[in-house]
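Trainee: Could you take me on a close look at the salt bridges here? I would like one connected explanation.

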Amino acid sequence: MNPPIPISPFRLCSLLRLQNDPKLALQLFQNPNPDPKPFRYTHLSYDLIITKLGRAKMFHEMEQILSQLRQETRFSPKEIILCNVISFYGRARLPDRAIQTFESIPEFRCQRSVKSLNSLLNALLNCKEFDKFDEILAGIGKFASPDVCTYNILIKAFCENGSLGDARNVFDEMLRKRVCPNVVTFTTLISELCANSRLDEAFRLKDDMVRVFNVKPNAFVYASLMKGLCGVNELSLAFELKEEMVKNKIRLDSGIYSTLIAALFKVERKDEVFVILKEMTENGCKPDTVTYNSMISGFCNDKNFEAAYGVLEEMVEKGCKPDVISYNVIINALCKEGKWREAYDLFEDMPRRGCSPDLRAYRIIFDGLCEGMQFNEAAFVLDEMLFKGYPPMSAGKAKFVEGLCQEGSLELLCKVLISLVKGHIVDGDTWSLAVSKVCKKEELSNGSELVDNLLKDFETLPIR
């Protein structure tokens, strides 16, 4: 039998590209040939395996490959490989690892530039590590000058940290240093101005964007402005912006239409919603989950639950699967209207409809059932929540215990307290509430009976 043809460095890259399993890709990389002769890895093969391991969050294995790469003598790695590593750590919320990688770049015989700096700043932004920015920027002059991407990251960081004034200062610094802002710069600032109801400033910045900097607003800029206008019920101006988008040949997406639909419901101009939906279809924009959820929310606010259910059915018919928000909006509205049984039935029906309840769904139905004094159903939901690791809100938990005490349902109260202890979410306030309420009942002059019942079950349970 002829010996197998050895895998060449070029062939290894092809095989790595085709291998979707990162563990198998790693085995292939580490043992490409049975021949003990050292394999001549290429820059591309390192890039491919590091990318696969980083995306799979196999960081220990990725660091092993980086150590091997550090020892390479035939070539120096390009900065982009290490930029990607920094980004992987940022997405995984590992800021210290990202900083360590940035600082180790010279060990790879590679020069740091503004690209790796921006990768690190963006990683810290993803991790919300705003306090580390000053330390990183302090030594920037040694190897890089900030570019527009650097300033955009800083502006976004200040905006996310609630420091709009500092974001504007960064923008002013850009101009002083003759770094021309781009559409991302303006999108971030305008969005934050609108979110803070500073619409006059947002519109002035939009005008400067075009007139002074010759940067055309994109759909995100218009969406932020329209959302801000709709938030203060300035629908006529919002519709004028929509027409401006059409005039400037900027495609209207479902987000724009959804914002207008929600605003029309808010000001009770429901008839115009169907005009918007017709326009969407004519413009080739298919309603998506966000669009339908805006309609569901609008109908629920009007207490028109039949119409809300109708939207759910229409979504299924048109191949747009309702998401957990679709159901949560209806369940929450039903609970507020005292329709607890109907809300509970819809909650129970969610898995059959292909949508698993999330933490928000469980909390909504649990609080609603407690409010409606549907304690048996609430106890069942609580058990499911604790099994899935979904803790109830403190207010809902207190209302449940208080309601059980007022009902005098000692057996169910004991079961609930046992469940809370097992889930490690019982506290002193819950105990005090339970004992004080029970002691006030005529049939139980002190808390000893409650304590005796509980101690039988709690002997082996650790209370935290």
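Mentor: Let us walk through the charged pairs, one at a time. This is a predicted model, in which local features need pLDDT of at least 70 and side-chain atom pairs count only at pLDDT 80 or more, while totals for chains, interfaces and linings use all residues. Residues are numbered from 1 along each chain as its sequence is written, and side-chain values use heavy atoms, with hydrogens and water left out.

Side chains of opposite charge can pair when their charged atoms come close. A salt bridge here is a side-chain nitrogen of Lys or Arg within 4 Å of a carboxyl oxygen of Asp or Glu, and the count comes to 21 salt bridges.

Start with Lys 128 and Glu 160, whose closest N and O atoms are 2.5 Å apart. This pair links distant parts of the chain, 32 residues apart: Lys 128 is in the loop between helix 7 (114-126) and helix 8 (133-138), and Glu 160 is in helix 9 (residues 148-160). Helices are DSSP runs (H or I, at least four residues), numbered from the N terminus. Lys 128 is partly exposed at 47% relative accessible area; that label covers values between buried (under 20%) and exposed (over 50%), with a 1.4 Å probe and protein chains only. Glu 160 is partly exposed too, at 37%.

Now turn to Arg 353, which forms a salt bridge with Glu 313 at 3.9 Å between the closest N and O atoms. Arg 353 sits in the loop between helix 20 (340-349) and helix 21 (359-371), and Glu 313 in helix 18 (residues 305-317), 40 residues apart. Glu 313, Asp 349, Arg 352 and Arg 353 are linked in a network of salt bridges.

Definitions and conventions
Helix = DSSP H or I, 4+ residues; strand = E, 2+ residues; numbered from the N terminus.
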